[in-house]
Amino acid sequence: MSKTLPSHAQAVIVGGGVVGCSVAYHLTKRGWKDIVLLERKQLTCGTTWHAAGLIGQMRATSNMTKLAKYTAELYAGLEAETGQATGIRQTGSMFVTGRAERFEELRRSATMARVFGLESQVLSPSDIKGLWPLLNVDDLIGGLFLPTDGKANPVDVTLALAKGARMGGAQVLEGVTVTDVMRQDGRVTGVATDHGNVATEVVVNCAGMWGHGLGRLAGVNVPLHAAEHFYIVTEPMAGLAPDTPVLRDPDACAYYKEDAGKLLLGAFEPVAKPWGMDGIDPDHAFETLPDDWDHFEPILEMAMHRLPALETTGIQVFFNGPESFTPDDRYLLGEAPELRNFFVAAGFNSIGIQSGGGAGKVLADWIVDGHPPMDLWDVDIRRMMLFQGNRYYLHDRTVEGLGLLYAMHWPFRQFETARPARMSPLHERLQKAGACFGELAGWERANWFAPAGVEPRYEYSYKRQNWFEHSAAEHHAVRGAVGLFDQTSFAKFEVQGRDAARVMNTICANEVDVEPGRIVYTQWLNERGGIEADLTVTRLAEDRYLVVTSGTSQVRDFNWLRRHIPDDAHAFATDMTSGYAVLGVMGPNARALLSGLTDTDLSNDAFPFATSREIDLGYARVRASRITYVGELGWELYMPMEFAAGVYDVIVAAGADHGLKHAGYHALNSLRIEKGYRHWGHDITDEDSPLAAGLGFAVKLDKPGGFIGRDAVLRQKEAGLTHRMVAFKLNDPEPLLYHKEPILRDGRMVGYTTSAMFGHTVGAAIGLGYVDCRDGEPTADYILSGSYELDVAGTRVAATPSLKPFYDPSMARVKA
């Protein structure tokens with residue numbers, strides 16, 4: 001390929017693996033011709049060349065599954081389009097297990113596949129034997145078959161995408177190394193290479209395991225780390241047919257693929273070997289890492305039990321090569337928050353081949369249209385915190401991350417490595433109180449509290465876990481007395497300046513030009529009317545606002561805020577997250593407890609709901625905000641970090657007389673689900689309408705000056721709704737919901753649950769989910785007149801629908 005480097009390009013893609021070539025291919029499909037892809041050595045030479053080539057389509061969410069399905073369809077048609085073979089073959093794939101817990105997981109996966117429109121079959125041991133005659137099935141209890149899955153040749157797929165990109169006008173240049181990323185005024189302006197500079201409006205980081213370093217050149221956080229990945233290839237194996245399904249035996253950490261009559265056996269072992277801690281040689285290409293038979297031997301021993309033919313079949317290749325992993329095992333996609341028009345598609349956690357087509361398509365759409373084409377929060381790079389680019393953190397997390405791909409995907413499972421990273425100033429006090437901590441965005445958060453004599457440690461299950469009753473007691477304390485939550489992990493921003501009110505009222509869908517001391521619940525909408533953020537805004541002064549949002553959304557929401565402050569506006573945003581601790585005092589006894597600790601009048605008349613004031617508490621000046629996410633009378637208390645311990649001690653000391661109990665985030669979730677409070681990222685996303693979500697009350701269509709997304713919401717209102725958010729309570733108190741359970745109306749699937757939790761006050765599991773109304777009317781009469789069931793791991797359970805919260809629908813307790 002030519003090395004003639006142009007002086008300018010509309011977009012420069014860095015990295016010639018399957019993902020980089022896919023982005024180039026899809027940009028040309030969108031009409032962009034002036035595209036340059038730069039590969040430092042040869043196409044596929046990083047990790048693509050040694051990928052196993054598995055094409056699986058079942059992912060954790062509907063949109064991720066859609067992208068995987070698109071990938072399979074794309075690869076199937078590439079040869080006809082480009083003349084380059086891809087080796088794609090639809091063999092199906094199969095999961096097997098001998099564990100009851102894993103079989104429940106597989107049955108739940110089968111119901112999810114149904115939700116996502118993916119064909120699936122739950123298998124018996126005899127079914128498994130029929131599909132894989134060589135297997136030992138004596139200790140298996142079942143499996144799952146996905147007949148439209150398959151396999152492909154990774155190098156051939158990549159070459160087909162590259163050829164398709166060149167046919168569309170793109171240049172693909174090998175032997176060109178990017179040495180710097182040029183930028184000005186917060187935007188990318190070009191790249192420097194060892195062959196000269198290229199001016200460009202868009203740079204796409206598809207550099208794979210070099211993506212972290214390329215990001216640092218641009219001042220962009222790209223948290224990923226390489227790990228050693230092992231597989232063997234046997235001599236030809238008798239009886240192994242070309243159409244043998246891809247096999248996954250996650251209990252044994254192994255996958256199996258027929259490969260030209262031979263067997264490829266690979267592993268995702270529970271304790272991985274991070275690689276490249278000191279940086280990766282830029283000359284690394286088509287290289288393998290040293291053998292480690294001691295590391296792989298346990299995998300091979302388990303595999304010989306499952307596939308006895310391995311005992312008599314020689315091993316032709318022992319392979320060890322690096323692949324990149326992210327801190328949460330989900331890839332990184334989208335525009336970097338630090339630098340406009342610098343996009344990332346990297347860190348694919350061993351699913352680059354099966355994700356490459358879909359990821360390339362949606363990123364190309366994002367680049368061309370200026371926004372993602374669907375909800376991509378699962379993989380959005382803006383979910384990553386700055387500290388997660390720390391090399392020591394990445395090294396330690398990668399030890400665990402690789403193996404989690406095949407570990408049990410337990411509800412509420414917590415990462416165990418690279419902790420603690422971020423801690424509240426109350427951490428040690430909560431630990432002494434029996435806290436069992438989970439991790440969210442790096443924060444150590446008390447998820448539940450163990451009573452005396454109980455170890456604060458998770459025992460995972462799909463049934464009631466060991467903390468269920470303890471969290472129930474916390475829940476009941478909040479409903480009946482008062483609970484204390486550490487909510488320091490909230491993201492907190494301040495917006496200041498003489499134009500702050502005008503700017504905030506344009507960004508917020510609700511009216512926030514209110515009197516100082518008022519709290520407003522609002523959404524931030526995009527131009528399409530989707531929900532970008534769900535948060536509260538408190539007016540602190542005429543020229544000053546406090547924005548409080550979820551800890552997971554800290555980077556995303558701050559980025560949205562900064563980018564929507566006009567250049568000529570006198571308004572300035574500051575991320576105050578690390579400056580303030582937050583305590584939630586919630587429950588009917590909250591007023592009595594706090595009134596004994598401050599001289600401020602906390603009566604309903606003097607301190608009504610949605611009011612925020614500074615009060616004296618302990619030795620601190622505390623901002624007390626009367627707001628709730630649990631559906632009870634209560635206050636969120638904001639204070640500088642250094643005052644948190646003293647304020648906490650005062651509250652706890654006085655709390656015994658009022659029935660105070662520590663409460664964790666599992667209780668908070670069960671409390672909020674009873675009230676029907678939405679959870680951004682699950683119940684509402686950037687492609688969901690506030691009208692369909694039942695949040696129209698927080699959208700002020702007639703406020704002066706309008707707001708971002710107003711016209712789209714008006715169009716939605718005029719066109720009418722096609723679906724609505726509905727709450728469901730199971731009629732049977734025993735089953736548990738976790739989300740993604742199919743919703744059936746009169747026997748027909750009309751949606752799935754978006755979030756769920758057991759409601760301890762109502763005595764049954766509750767789920768929220770959108771119900772498709774296209775066969776009827778989006779009216780209460782239509783929705784509530786149907787007979788509903790939820791599919792729980794293949795069993796249909798009758799459920800009661802409601803368009804109102806199951807608990808305190810009139811908000812009498814909140815406003816007491």
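Which two side chains meet in a salt bridge at 3.4 Å, N to O, where Asp-746 is one of the partners? The other partner is Arg-745, whose side chain meets that of Asp-746, and the points below, which concern a predicted model, return to this pair after a look at a strand and a pocket.

1. **Strand β19 and its cover.** A reader new to the structure may begin with strand β19, which spans residues 342-346 and is mostly covered, with five of its five residues buried. In a regular strand the side chains alternate between the two faces of the sheet. In β19 both faces are covered, since Phe-342, Val-344 and Ala-346 are buried on one side, while Phe-343 and Ala-345 are buried on the other.

2. **The neighbours of β19.** Strand β11, which covers residues 196-205, runs parallel to β19 and is joined to it by three bridges; within this pairing, Val-204 has Phe-343 of β19 as its bridge partner. Strand β18, made of residues 332-335, pairs with β19 in the antiparallel sense over four bridges, and here Gly-334 has Val-344 as its bridge partner in β19. Strands β18 and β19 form a hairpin with six residues between the strands, and in this hairpin Asn-341 takes a positive phi near 65 degrees.

3. **The second largest pocket.** Rolling a probe the size of a water molecule over the atoms shows where empty space is left. The second largest pocket holds about 480 Å³ of space, and of the 23 residues that line it, the closest to its centre are Glu-335, Gly-370, His-371, Trp-560 and Arg-563. Helices α8 (352-369) and α13 (554-563) each supply at least two residues of this lining, and the largest share, three residues, comes from α13. By residue class, the lining divides into nine nonpolar, six polar and eight charged residues.

4. **A salt bridge between two loops.** Side chains of opposite charge can pair when their charged atoms come close. The structure holds 46 salt bridges, and one of them joins Asp-251 to Arg-99, with the closest N and O atoms 3.8 Å apart. Asp-251 lies in the loop between β13 (246-249) and β14 (254-259), and Arg-99 in the loop between β4 (93-97) and α3 (100-115), so this pair ties together parts that are 152 residues apart in sequence. As for accessibility, Asp-251 counts as partly exposed at 25% relative accessibility, and Arg-99 is likewise partly exposed, with a relative accessible area of 33%.

5. **A buried salt bridge and its network.** Are the partners Arg-556 and Asp-380 buried or exposed? Arg-556 counts as buried because its relative accessibility is 2%, and Asp-380 is buried because its relative accessible area is 2%, where buried means under 20%. These two residues form a salt bridge in which the closest N and O atoms are 3.4 Å apart. Arg-556 lies in helix α13 and Asp-380 in the loop between α8 and α9 (391-404), so the pair ties together parts that are 176 residues apart in sequence. Salt bridges that share partners join Asp-380, Arg-382, Glu-532, Arg-556 and Asp-686 into one network.

6. **Back to the opening pair.** In the salt bridge between Asp-746 and Arg-745, the arginine can be described further, as Arg-745 counts as buried at 10% relative accessibility.

7. **Aromatic pairs.** A search of the whole structure finds 26 aromatic pairs, among them the edge-to-face pair of Trp-377 and Trp-680, whose ring centres are 5.3 Å apart and whose planes stand at 75 degrees to each other. This pair links distant parts of the chain, 303 residues apart, with Trp-377 in the loop between α8 and α9 and Trp-680 in the loop between α16 (665-674) and α17 (710-719). Both Trp-377 and Trp-680 are buried. Elsewhere, Trp-410, Phe-412, Tyr-462, Trp-467 and Tyr-738 form one aromatic cluster.

8. **Arg-621.** A last point concerns Arg-621, which has its place in strand β31 (residues 620-625) and is partly exposed, with a relative accessible area of 47%. The C-alpha atoms of Arg-621 and Val-647 are separated by 9.8 Å, and the two residues are 26 residues apart along the chain.

Key
Residues are numbered from 1 along each chain as its sequence is written. This is a predicted model: local features need pLDDT of at least 70, side-chain atom pairs count only at pLDDT 80 or more; totals for chains, interfaces and linings use all residues. Side-chain values use heavy atoms; hydrogens and water are left out. On a 1 Å grid over the protein atoms alone, a cavity is a set of points where a 1.4 Å probe fits but cannot get out, and a pocket is an open set with protein on both sides within 12 Å along at least five of seven lines; lining residues have an atom within 4 Å of a point. Grid points are joined across faces, edges and corners, and a volume is the space filled by probe spheres set on the points. Ala, Val, Leu, Ile, Met, Phe, Trp, Tyr, Cys and Pro count as nonpolar, Asp, Glu, Lys and Arg as charged, and the others, Gly among them, as polar. Buried means under 20% relative accessible area, exposed over 50%, partly exposed in between (1.4 Å probe, protein chains only). Two strands pair if DSSP finds at least two bridges between them. A salt bridge is a side-chain nitrogen of Lys or Arg within 4 Å of a carboxyl oxygen of Asp or Glu. Rings of Phe, Tyr and Trp (its six-membered ring) pair if their centres lie within 6.5 Å; planes under 30 degrees apart count as stacked, over 60 as edge-to-face and the rest as tilted.
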